[in-house]
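This briefing sets out how the elements of one chain are arranged, beginning with its strands and moving on to the helices, the core and the loops. Please keep the sequence and the structure in view while reading.

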Amino acid sequence: MEIEKLEKYLQTYLDDVITPMINKELVGEEDEPITLTVNAIKKGSYQPPIYHVFIDIDPNWSGSLLKRLEKNIEDFIKIFSIRNKIKVHWNKRPLF
């Protein structure tokens with residue numbers, strides 16, 4: 001599958017499923033809602049290759065929420081028959 005298509009599918013999944021779920025669970029009425037944006041997906045050069053997923057989360061969160069989101073993202077990407085390891089990077093930009 002092309003990386004660009006995968007980025008679009010992942011962004012749609014984040015917008016339609018994940019973001020509403022975490023905003024309903026975690027965000028109070030006074031807080032600003034959480035937004036997730038796919039910055040890039042890169043295929044590493046190691047053998048077997050690792051897929052690096054770069055996601056911006058606003059406002060910046062940490063802790064168990066991110067681990068749960070990483071698992072959801074990994075499971076979603078595996079739907080597309082990508083069996084390689086997937087590493088999610090939060091609020092980082094790719095150097096390559």
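Strand 2 is mostly covered, with seven of its eight residues buried. The model is a predicted one, and the points below are to be read with that in mind.

**Strands and their pairing**

- Strand 2, which comprises residues 51-58, runs parallel to strand 3, and five bridges join the two.
- On its other pairing, strand 2 runs antiparallel to strand 1, to which eight bridges join it.
- Two pairs of opposite residues mark the register between strand 2 and strand 3: Val-53 stands opposite Val-88, and Tyr-51 stands opposite Ile-86.
- Between strand 1 and strand 2, Val-38 stands opposite Ile-55.
- Strand 3 (residues 86-90) has four of its five residues buried, and it is therefore largely enclosed by the rest of the structure.
- From strand 2 the chain passes through helix 2 (residues 64-78) before it reaches strand 3, and this β-α-β crossover is right-handed.

**Tyr-51 in strand 2**

- Tyr-51, which is found in strand 2, has a relative accessibility of 10%; because buried means under 20% relative accessible area, Tyr-51 counts as buried.
- Beyond its neighbours within four places in sequence, Tyr-51 is in contact with Ile-3, Ile-41, Lys-42, Lys-43, Ile-82, Asn-84, Lys-85, Ile-86 and Lys-87.
- Thr-19 is 32 residues from Tyr-51 in sequence, and the C-alpha atoms of the two residues are 22 Å apart in space.

**Helix 2 and its two sides**

- The 15 residues of helix 2 should span 21 Å at 1.5 Å a residue, and this agrees with the 21 Å that separates its end C-alpha atoms.
- The buried residues of helix 2 are Leu-65, Leu-66, Leu-69, Glu-70, Ile-73, Phe-76 and Ile-77.
- Seen down the helix axis, these buried residues fall within an arc of 130 degrees, so they line one face of helix 2.
- The cover over the buried residues of helix 2 includes helix 1, strand 2 and strand 3, whereas the face turned away from the buried side carries the exposed residues Ser-64 and Lys-67.

**The nonpolar core**

- The largest nonpolar core has 24 residues, and those with the most contacts inside it are Leu-10, Leu-36, Ile-77 and Trp-90.
- Helix 1 (3-26), strand 1 (35-43), strand 2, helix 2 and strand 3 each supply at least two residues of this core.
- In soluble globular proteins, nonpolar side chains tend to be buried together.
- With residues up to four places away in sequence not counted, Trp-90 touches Leu-36, Ile-55, Ile-57, Leu-66, Leu-69, Glu-70 and Ile-73.
- Among the residues that Trp-90 touches, Leu-66, Leu-69, Glu-70 and Ile-73 also appear among the buried residues of helix 2.

**Thr-12 in helix 1**

- Thr-12 has its place in helix 1 and is partly exposed, with a relative accessible area of 43%.
- Although Thr-12 and Val-88 are 76 residues apart in sequence, the distance between them in space is 17 Å, C-alpha to C-alpha.

**Loops and backbone geometry**

- The peptide bond from Asp-58 to Pro-59 is cis, with omega near -5 degrees, and Pro-59 lies in the loop between strand 2 and helix 2.
- Asn-60 likewise lies in the loop between strand 2 and helix 2, and with a relative accessible area of 62% it is exposed.
- Asn-60 and Asn-84 are 24 residues apart in sequence, and their C-alpha atoms are 28 Å apart in space.
- Ser-81, placed in the loop between helix 2 and strand 3, has a phi near 65 degrees, which is a positive value in a residue other than glycine.
- Ser-81 is exposed, with a relative accessible area of 57%.

Definitions and conventions
Residues numbered from 1 in each chain as written. Predicted model: local features only at pLDDT ≥ 70, side-chain atom pairs only at ≥ 80, totals over all residues. Heavy atoms only, no water. Buried < 20%, exposed > 50% of the residue type's maximum accessible area, 1.4 Å probe, protein only. Pairing = 2+ DSSP bridges. Right-handed = clockwise from strand over helix to strand, strands pointing away. Core = buried A, V, L, I, M, F, W, Y, C linked by side-chain atoms within 4.5 Å. Contact = heavy atoms within 4.5 Å. Expected span 1.5 Å × (residues − 1). Arc of directions from axis to C-beta.
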